[in-house]
Amino acid sequence: MRAQIATMFAALALFLLAPLTAPAAEVSSARITAAASEPQNWLTYGGAYNSQRYSALTQITPANVGKLKSQWVLQDNVIGVWQSNPLVIDGVMYVTQRPNDVIALDAKTGKVFWQYRYTPSADAKVCCGSNNRGVAMLGDTLYMGTLDAHVVAIDARTGTRLWDKALADLNLGYSITMAPLVVKDEIVVGLGGGEFGIRGFITALDARTGAEKWKFYTIPGPGEPGHDTWRETDWQHGGGSAWVTGSYDPSLNLIYWGIGNPGPDWNAAQRPGDNLYSDSVIALDADTGKLKWHYQFTPNDNYDYDSVQVPVLADIAWQGRPTKVMMWANRNGNFYVLDRATGKFLSGTPFVKVNWMSGFDANGRPIQTPQPTGAATYPGNQGGTNWFPPAFNPKTGLFYVSAWENYGTIYRREQATYEAGKVFVGGGGAVVAPAPGSPTPGIGRKNLINNWTSETGNGAAVAIDPKTGKRAWTFPQYDVTEAGMMTSASGLVFTGGREGYVYALDAKTGKELWKAHLGGQINMAPITYAVDGKQFVAVIAGRTLVSFALEN
Amino acid sequence: MPIERPIRRTRTLLLSGAFAALAVLGGRAAAQVDDHSYSATDIQAGFRIYSAQCQLCHGPGGDQIAGVNLARQRFKRAVSDDDIKATVTSGLPAAGMPAFRFQPAELNSIVAFIRSGFDTSATPFKLGDAGRGRAVFEGKGGCTACHQPRGEGRLNAPSLAEVGANRQPVEIQRYLLEPDKAMLPINRRATITTRDGRTVQGRRLNEDSYSVQVRDADQRLHSIAKADIRTYDLARTSGMPSYAGKLSEGELADLMAYLVSLKGN
């Protein structure tokens with residue numbers, strides 16, 4: 001009896017102490033596979049291996065979302081857009097800030113445990129900002145890619161570095177801005193540098209040592225399938241970056257990854273052929289990195305239509321048959337449904353104005369309709385959407401994406417000469433605008449946050465029914481948006497935009513249910529998690545990370 | 001007929017002109033420009049040469065070398081067109097810039113492309129004498145009726161204190177000749193009536209999904225929630241008159257040169 005009481009007291013003491021100590025978090029690939037069973041955590045970039053960014057948490061509902069209040073704020077102390085996707089594991093949040101800092105904090109209070117700072121080489125080259133989109137976690141180790149193309153392993157308990165591995169020559173323009181993906185005991189990363197004439201690759205590292213397990217070149221070399229889609233030596237500087245995190249299907253043991261633009265970006269005439277595997281999705285065997293299938297969205301791309309979007313995986317009824325599909329809202333303006341076991345094209349439908357192609361042939365290959373010199377191509381250079389993550393809600397059956405509307409670019413083509421580490425783009429472009437010099441949508445914003453006019457294009461949160469490819473609803477925004485999406489089982493969609501508003505929308509209708517103005521651009525999708533039974537929604541705007549919850 | 005100015009002027013003359021302009025402007029730095037015509041053919045040819053020979057180091061926007069912004073006319077040493085040509089021809093070995101052997105016509109083209117502010121539409125323009133241009137600005141042009149030297153003038157006409165740094169010459173020319181087509185959409189004049197019966201008229205400063213900010217003719221600031229708006233009209237025309245046909249070609253070139261010289265402090 002006495003022993004029982006002692007045990008009870010010990011258990012009670014442990015229970016009381018538990019919230020006061022940093023919990024021991026041990027993440028495994030099996031745990032990420034079953035992420036849906038622990039919705040209090042955000043275990044990997046896309047929330048789960050299927051990258052649906054769908055949460056089973058239901059404390060915040062359409063009925064009470066109007067009562068969300070800010071619980072805590074973390075201020076960033078570096079300059080530039082903050083595109084990081086936090087992870088939350090057993091009450092601890094791990095978020096990166098520019099260029100390559102990792103911060104571990106109490107997800108309930110925002111109090112910081114530790115900060116790790118990696119200083120990338122001053123010679124690191126990035127086309128579009130010193131971005132980092134987050135870490136991956138396996139065991140009690142965090143993994144981060146760096147601007148100078150290293151991967152570092154960091155002890156999640158102490159914030160100290162365990163190993164550091166250089167993956168490529170940064171003088172050739174390689175970089176890493178994406179969050180790694182944990183698959184089994186591998187850390188999978190893709191390289192950036194598509195504007196510098198790199199030859200892109202995806203590689204898997206041994207999580208314990210950083211040793212390379214496999215490497216897949218996104219631009220095939222001599223003897224490899226797809227090499228014949230390049231002329232002579234063009235492949236050597238063919239681009240094919242892979243700067244956004246992919247998805248994984250444990251049941252098929254396939255990793256899916258979106259591949260970036262061919263090099264040079266805007267002068268397709270300089271690299272005749274389809275230019276595989278640029279602007280494609282590739283399915284790789286998770287153990288060997290061998291190519292299982294591919295589908296190319298934009299062959300011989302003339303518009304920089306990077307396919308660096310997140311593959312969203314779901315098992316849905318397709319024409320009456322249960323089908324393992326992949327859904328993809330592409331930068332080129334089309335929404336696609338593919339069979340992810342075989343790569344078969346099931347459907348493709350424009351979700352914004354598209355004039356670079358007029359339809360698809362029987363094999364799902366786009367029928368291209370190049371516009372005359374001086375005429376605008378739709379969607380514009382940044383695309384109908386871009387890298388910011390979409391979401392899928394199995395309950396509504398709808399796919400949610402941040403879209404850019406009424407936005408076209410007039411391109412200029414030039415012969416580009418490759419020089420190691422130098423910009424290799426082959427021209428440029430101008431966005432259609434009502435008057436010369438008008439601010440137009442592009443990467444980043446220089447003018448005031450509310451200094452915009454929809455005359456040069458605008459954004460929208462869009463819901464697409466994958467069965468038809470048609471829009472179920474549109475939530476128009478005055479400015480463009482890079483916010484991405486998160487959706488929940490209670491029927492909510494969380495998103496935002498460059499204007500600095502974060503929104504909760506009704507997932508079925510798109511009706512605005514709640515908004516808050518945070519005063520800075522939202523450049524990454526919100527996440528949701530729970531600590532001690534309380535559901536939070538965290539979003540980054542400008543230089544602040546804000547976590548919202550219902551008042552007690 | 002407009003008076004044709006000699007194309008070539010010596011650097012000494014230019015510098016003395018610049019100092020004179022500085023004195024007149026009360027200490028405001030006025031970058032000197034040559035009295036030159038820049039043709040569409042030259043700008044286009046310059047663009048081709050620039051893309052092939054200069055872009056690798058200077059970048060597509062001309063701003064890839066620290067301290068230099070070719071499109072914005074920010075150079076380390078060069079002031080005149082001849083200075084630019086001399087730099088291209090002799091190179092800057094200490095800075096790693098090689099010497100280029102171009103024909104005189106090619107050099108003219110490169111200068112035209114740079115002076116156009118990298119205007120790939122290659123609209124021809126002409127720059128005259130900034131000192132005389134100031135006289136046009138204050139006299140015949142009547143510009144000071146609306147535009148003040150600093151800050152905003154009457155009727156919300158924008159400040160021109162930095163127009164030479166913020167706008168390409170061809171954009172300035174377009175404002176002078178076709179103000180309705182040149183005006184930036186955000187600057188459209190707004191007339192708003194609210195649900196409670198107020199009317200606000202003025203220049204639109206900012207707008208987002210839920211609100212619009214306006215400054216009225218009395219310089220009062222209004223921030224209006226769209227939910228409170230009954231009617232909202234944006235004028236498609238500018239309040240500025242067109243100077244097409246009102247100024248001679250020479251006067252226009254002089255006025256252009258004056259405006260291009262206004263680069264703030």
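Of the 265 residues that make up chain B in this predicted model, 33% count as buried. Chain B is built from nine helices and seven strands. When contacts in chain B between residues at least 6 apart in sequence are considered, 65% of them join residues at least 24 apart.

**A helix to look at in chain B**

Helix α9 of chain B, residues 249-261, is a good place to start browsing. How far apart are the end C-alpha atoms of α9(B)? They are 18 Å apart, and this agrees with the 18 Å that 13 residues should span at 1.5 Å a residue. Eleven of those 13 residues are buried, so α9(B) is largely enclosed by the rest of the structure. If you want to pick them out on screen, the buried residues are E251(B), L252(B), A253(B), D254(B), L255(B), M256(B), A257(B), Y258(B), L259(B), V260(B) and S261(B).

One partner of α9(B) is helix α5 of chain B, residues 130-138: the two axes come within 7 Å and cross at roughly 100 degrees. That crossing makes α5(B) roughly perpendicular to α9(B), because angles of 65 to 115 degrees are classed that way. On the α5(B) side, the contact is made by A130(B), R132(B), G133(B), R134(B), V136(B) and F137(B). On the α9(B) side, the residues are E251(B), D254(B), L255(B), M256(B), A257(B), Y258(B) and S261(B). By character, the residues of this contact divide into seven nonpolar, two polar and four charged.

**Where the chains meet**

The contact between the two chains takes 18 residues from chain B and 22 residues from chain A. On the chain B side, the elements that give two or more residues are α2 (40-58), α7 (169-177), α8 (179-182) and β4 (199-207). The chain B residues that touch chain A divide into seven nonpolar, five polar and six charged.

**A run of hairpins in chain A**

Now over to chain A, where strands β7, β8, β9 and β10 are linked by hairpins. The table sets out the hairpins, with the residues between the strands and a residue of positive phi in each turn.

| Hairpin | Residues between strands | Turn residue and phi |
|---|---|---|
| β7(A) and β8(A) | two residues | G139(A), about 65 degrees |
| β8(A) and β9(A) | four residues | A149(A), about 65 degrees |
| β9(A) and β10(A) | five residues | G159(A), about 75 degrees |

Strand β7 (residues 136-138) of chain A runs antiparallel to β8(A), joined to it by three bridges. Within that pairing, L138(A) has T141(A) as its bridge partner. Between β8(A) and β9(A) there are five bridges, and the two strands again run antiparallel; here G145(A) is partnered by V151(A). Strand β9 (residues 150-155) and strand β10 (residues 161-166) of chain A pair in the antiparallel sense over five bridges, with W163(A) as the bridge partner of A153(A).

Is β8(A) enclosed or open, going by its residues? Five of the five residues of this strand (residues 141-145) are buried, so β8(A) is largely enclosed by the rest of the structure. T141(A), Y143(A) and G145(A) point one way from the strand, while L142(A) and M144(A) point the other way, and all are buried.

**A buried loop residue**

L43(A) sits in the loop between α2 (29-33) and β1 (54-55) of chain A. Why does L43(A) count as buried? It has 25 C-beta neighbours inside 10 Å, and the cut-off for a buried residue is 20 or more. Setting aside neighbours within four places in sequence, L43(A) is in contact with V27(A), R31(A), I32(A), A35(A), L87(A) and I89(A). The C-alpha atom of L43(A) is also separated by 7.5 Å from that of M137(A), although the two residues are 94 residues apart along the chain.

**An open sheet in chain A**

Finally, which strands form the open sheet, and in what order? Four strands of chain A take part, in the order β15-β16-β17-β18, with antiparallel pairing. The edge strands are β15 (247-249) and β18 (291-296), each pairing on one side only. Neighbouring strands of the sheet are turned by 20 degrees against each other on average, direction ignored. At one edge, three bridges join β15(A) to the antiparallel strand β16 (residues 254-258), and Y248(A) has I255(A) as its bridge partner in β16(A).

Key:
Residues are numbered from 1 along each chain as its sequence is written. Chains are lettered from A and ligands numbered from 1 in the order in which they are written. This is a predicted model: local features need pLDDT of at least 70, side-chain atom pairs count only at pLDDT 80 or more; totals for chains, interfaces and linings use all residues. Two residues are in contact if their C-beta atoms, placed from the backbone, lie within 7 Å. Ala, Val, Leu, Ile, Met, Phe, Trp, Tyr, Cys and Pro count as nonpolar, Asp, Glu, Lys and Arg as charged, and the others, Gly among them, as polar. Two strands pair if DSSP finds at least two bridges between them. Axes are lines fitted to C-alpha atoms, for helices over the stretch in contact, and angles run from 0 to 180 degrees between N-to-C directions. The expected span of a helix is 1.5 Å times one less than its number of residues. A residue is buried if 20 or more other C-beta atoms lie within 10 Å of its own, exposed if 12 or fewer, and partly exposed in between; C-beta atoms are placed from the backbone. Angles under 35 degrees count as roughly parallel, over 145 as roughly antiparallel, 65 to 115 as roughly perpendicular and the rest as oblique.
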